[in-house]
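Please walk me through this structure in plain prose, going from the chain as a whole to individual residues and the contacts they make.

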Amino acid sequence: MAEVGECSASKPSREIWAKLEPSDSRFADVDISSNEVVICSEITSSSSDKHEWCKITRNSDLHSAKMQNKSSNAILVDDTIVQNEEVVDIKCGTEIIPGPDREVLLLFHYHAATMCNSCPLVASSTSVVYECGNGCFSEWLRRSQEKRSTVLCPHCRAVVQFVGRNHYLHNIEQSILQAHSSLRRSDEEVALLDSYAYIKSNLVIRNGKKHRRKRAHSPIDEESDSNELPCPQCGTEINGFHCNQTTVHLQCQGCGGMMPSRNDSVPQHCLGCDRAFCGAYWHAQMVARSDSQPMCSHETFKPISERTISRIPFLAHEMNRHEQDVTERCIRQMGRSLQDVISDWVEKLNNREIDRTRMPLNHAEAITARSHICNECYDKLVSFLLYWFRIAMPKHLLPADAKQREDCWYGYACRTQHHNEEHARKRNHVCRPTRGSNM
């Protein structure tokens, strides 16, 4: 006998804050809107009797709940046995097996902490699962990996093979939020969403063929059957780890090669852009190269403190070559190298002596000298530090021709410097705007 959850309360009139989702798609989801609700079970037989199964009470922190067993059978909650009348804490992602038959597994979803396509509010970050659309996915994926089980979409139960951010839907979401501000989540909810949503790059998920469910034919089926999307650790143990049929893989944005997604291991995502890079991972595994799979050099992705630089990046000073020349001459006049200057300013960054407001990197407040970033983000960081190097330099230490220049009203934000060579040369643009929207 299997049990199907059904809410004992009348049809919810308030916002749905959580739901129970059965693993078997034959059974309906149970939406929860009351702060305290008794869930009844309907025995799948000729009888139409309904029995109290459990009571779910929302906690005052609004981030978790309590479940009390109201049935005569023991309930399994995240592998913990809960007897009649016992109470246990549950949170987003908790797995519940009701009754002795263990035919139905329910997943508790907390809507304030997840994103879901049946959520009544617009999600604050958008992920798309290939073949089935949006889903409360990050926490679901983490638990599937822990249990080494096949990854199924939490909405339609299809086998998931690919997941990634959908920027098109994200733009639509932002347009809707601008037009309907009442749908916007609070800052606390957004922060909670961000803490759960750790999917930053496209993921390829290797599910075992024997676990696949029947579904409509798609081109990715043929690709998956003929190409197992291997990485050097697929079938080969390296440093005590090898990929299995449920290992989730990241695709490197540098070389296009694959590596296992291991959140507890070496950094695999650039802190500046959130893209995945394999250089640091394979370096830590002491794998220098592979004859069969693409693989990045260690130089493509490593900590800021281990990097060296010998030329001013093209991006520096808003790509104004006249300002780049002034900076280069300033460094030479001081009898120092570019590397010396950058090392000094990385230390200032580390000591939080610099205003990071204009740093053109994600997670700017979290970046330190130990942070792993890619080559592109390192160029952006160096450009940012050279701006502060110039801002901090007394005018009398500038080269003679640069001392005489007046500041441009629009400073670094000036657009004329990009198409008017005379203006770019004649005015100082490494300064804060005194006019315009960037003041």
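Two residues are in contact when heavy atoms of theirs lie within 4.5 Å. That cut-off is used throughout what follows, and the model to which it is applied is a predicted one.

The protein chain has 11 helices and 18 strands. Of its 439 residues, 48% are buried. Among contacts in the chain with a separation of 6 or more, 56% are between residues 24 or more positions apart.

A pair of helices comes next. The axes of α8 (338–350) and α9 (residues 375–392) come within 10 Å and cross at roughly 90°. Angles of 65 to 115 degrees count as roughly perpendicular, and α8 and α9 are therefore roughly perpendicular to each other. On the α8 side, the residues that meet α9 are Leu338, Val341, Ile342, Trp345, Val346 and Leu349. Their counterparts in α9 are Tyr378, Leu381, Val382, Leu385, Leu386, Trp388, Phe389 and Ala392. By type, the residues of this contact divide into 14 nonpolar, no polar and no charged.

Between α8 and strand β18 (372–374) runs a loop that holds Ser371. Is Ser371 buried or exposed? Residues under 20% relative accessible area count as buried, so Ser371, at 8% relative accessibility, is buried. A polar atom of the Ser371 side chain lies 2.9 Å from the backbone nitrogen of Thr368. Beyond its neighbours within four places in sequence, Ser371 is in contact with Leu271, Lys302, Pro303, Ile304 and Ala366.

Arg307 sits in the loop between β17 (301–303) and α6. Its relative accessibility is 7%, so Arg307 counts as buried. Which residues does Arg307 contact, leaving aside its neighbours within four places in sequence? The list is Glu299, Thr300, Phe301, Lys302, Gln339, Ile373, Cys374, Asn375 and Tyr378. With one of these, Thr300, there is also a short polar distance: the backbone oxygen of Thr300 lies 3.4 Å from a polar atom of the Arg307 side chain. Another, Asn375, is 68 residues from Arg307 along the chain, yet the C-alpha atoms of Arg307 and Asn375 are separated by 9.4 Å. Tyr378 is also one of the α9 residues that meet α8.

Helix α6 covers residues 316–319 and includes Glu318. Met319 is found in α6 as well. What makes the backbone here worth a look is the sign of phi. Most residues other than glycine have a negative phi. Glu318 has a phi near 55°, a positive value in a residue other than glycine. Met319, also not a glycine, has a positive phi of about 65°. The relative accessible area of Glu318 is 31%, so Glu318 is partly exposed. For Met319 the figure is 42%, so Met319 too is partly exposed.

Gly279 is found in helix α5 (residues 279–284). With a relative accessible area of 2%, Gly279 is buried. Not counting residues up to four places away in sequence, Gly279 touches Cys296, Ser297, His298, Thr300 and Phe301. Thr300 and Phe301 are also among the contacts of Arg307. The C-alpha atoms of Gly279 and Lys302 are 7.5 Å apart in space, and the two residues are 23 apart in sequence.

Cysteines can be checked for bonds. A disulfide is a covalent bond between the sulfur atoms of two cysteines. How many disulfides are there, if the sulfur atoms must lie within 2.5 Å? The count comes to zero. Cys255 is in no disulfide, and the nearest cysteine sulfur, that of Cys296, is 3.7 Å away. Cys255 has 27% relative accessibility, so Cys255 counts as partly exposed. Cys330, with a relative accessible area of 1%, is buried.

The last site is Ser71, found in the loop between β6 (65–69) and β7 (75–77). Ser71 is buried, with a relative accessible area of 9%. A polar atom of the Ser71 side chain lies 3.0 Å from the backbone oxygen of Asn73. Leaving aside neighbours within four places in sequence, Ser71 is in contact with Glu52, Trp53 and Asn84.

Note on methods: Residues numbered from 1 in each chain as written. Predicted model: local features only at pLDDT ≥ 70, side-chain atom pairs only at ≥ 80, totals over all residues. Heavy atoms only, no water. Helix = DSSP H or I, 4+ residues; strand = E, 2+ residues; numbered from the N terminus. Buried < 20%, exposed > 50% of the residue type's maximum accessible area, 1.4 Å probe, protein only. Polar contact = N/O pair within 3.5 Å; in protein donor to acceptor, adjacent residues only side chain to side chain. Disulfide = S-S within 2.5 Å. Axes fitted to C-alpha atoms, helices over the stretch in contact; angles between N-to-C directions. Parallel < 35°, antiparallel > 145°, perpendicular 65-115°, else oblique. Nonpolar A, V, L, I, M, F, W, Y, C, P; charged D, E, K, R; others polar.
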